[in-house]
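Hi everyone, thanks for coming. Please have a look at the sequence and the structure on the screen, and then we'll walk through a few parts together.

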Amino acid sequence: MCGIVGLFNCKDAKNKLKTALAMLKNRGQDASNSLELSKNNYFGHTLHSVVNHIEQPIKKQGVLIANCEIYNWKELNKKYNFNAENDADLLINFLDRFKLEKLKELDGVYSFAYYNDDKIYLARGILGVKPLCFSYTTDDFSFCSEAKVLEKL
């Protein structure tokens, strides 16, 4: 289990992100990182590493934070020649190449945020096992793995 959080156009976003990551510490004690995507827009992630220690956010063509268990990641890795080291690494390569058009090929449970070309894509698996909550106003947008975190921000 990992924790993901994103803040867009939020006042005092940097401090709110620190608070959110501290609250998500129980979801991943292997690492806690953040990345400023653009002015006042942030991704944060707490890592619970199962296969290889790949810290997030992962930045390639786009930027990914994920809470995922992609069961067929090794098969997709081989099929598309990605050379990924785990399921999250596979997912960023997959999204960089296909965006959302081939998500049905993923066998597993996941929630993720992917940022590319000034657009953010949020998705979660059809079964809804991995939580993804969001909040928005006319001025800002935020999302997180846990609703209680959004309530505190």
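Let's begin with a single side chain, Glu 69. At 36% relative accessibility, Glu 69 counts as partly exposed, because that value falls between the 20% limit for buried and the 50% limit for exposed. Keep in mind throughout that this is a predicted model.

So which residue does Glu 69 pair with? The partner is Lys 130, and the two form a salt bridge whose closest N and O atoms are 3.0 Å apart. Glu 69 belongs to strand β5, while Lys 130 is in the loop between β7 and β8 (133–136), so the bridge ties together parts that are 61 residues apart in sequence. Is Lys 130 buried or exposed? With 8% relative accessibility, Lys 130 counts as buried.

If salt bridges are new to you, here is the idea: side chains of opposite charge can pair when their charged atoms come close. How many salt bridges are there in this model? The count comes to five.

Another of them joins Lys 60 and Asp 89, with 2.9 Å from N to O. This pair also links distant parts of the chain, as Lys 60 is in the loop between β4 and β5, and Asp 89 is in helix α3, 29 residues apart. The two ends have their own surroundings: Lys 60 is partly exposed at 38% relative accessibility, and Asp 89 is buried at 7%.

Then there is Lys 79, which forms a salt bridge with Glu 105, the closest N and O atoms being 3.2 Å apart. Here helix α2 holds Lys 79, and the loop between α3 and β6 holds Glu 105, 26 residues apart. Lys 79 is exposed, with a relative accessible area of 52%, whereas Glu 105 is partly exposed at 23%. Lys 102 joins in too: Lys 79, Lys 102 and Glu 105 are linked in a network of salt bridges.

Now let's turn to the sheet. In what order do its four strands come? They form an open sheet in the order β4-β5-β6-β7, with antiparallel pairing. At the edges stand β4 and β7 (119–124), each with a single partner strand, so one side of each is left without a neighbour in the sheet. In general, strands of a sheet pair through backbone hydrogen bonds, either parallel or antiparallel. Between β4 and β5, the antiparallel pairing runs over two bridges, and Lys 59 stands opposite Val 63 in β5.

That brings us to helix α3, where we already met Asp 89. The helix covers residues 87–98, twelve in number, and reaches 16 Å from its first C-alpha to its last, close to the 16 Å expected at 1.5 Å a residue. It lies across β4, β5 and β6, running at about 125° to β5.

How many of the residues of α3 are buried? Eleven of the twelve are, so the helix is largely enclosed by the rest of the structure. Among them are Leu 90, Leu 91, Ile 92, Phe 94 and Phe 98. The cover over these buried residues includes β4 (58–59), β5 (63–70), α2 (73–80) and β6 (108–116).

Finally, look at the two ends of α3. At its start, a side-chain oxygen of Asn 86 reaches to within 3.2 Å of the backbone nitrogen of Ala 88. After the helix comes Lys 99, whose phi is positive, near 55°.

Thanks for listening!

Terms used
Residues are numbered from 1 along each chain as its sequence is written. This is a predicted model: local features need pLDDT of at least 70, side-chain atom pairs count only at pLDDT 80 or more; totals for chains, interfaces and linings use all residues. Side-chain values use heavy atoms; hydrogens and water are left out. The expected span of a helix is 1.5 Å times one less than its number of residues. Buried means under 20% relative accessible area, exposed over 50%, partly exposed in between (1.4 Å probe, protein chains only). Contact means heavy atoms within 4.5 Å. A polar contact is a pair of N or O atoms within 3.5 Å; within protein, one must be able to donate a hydrogen and the other to accept it, and residues adjacent in sequence count only if both atoms are side-chain atoms. Two strands pair if DSSP finds at least two bridges between them. Axes are lines fitted to C-alpha atoms, for helices over the stretch in contact, and angles run from 0 to 180 degrees between N-to-C directions. A salt bridge is a side-chain nitrogen of Lys or Arg within 4 Å of a carboxyl oxygen of Asp or Glu.
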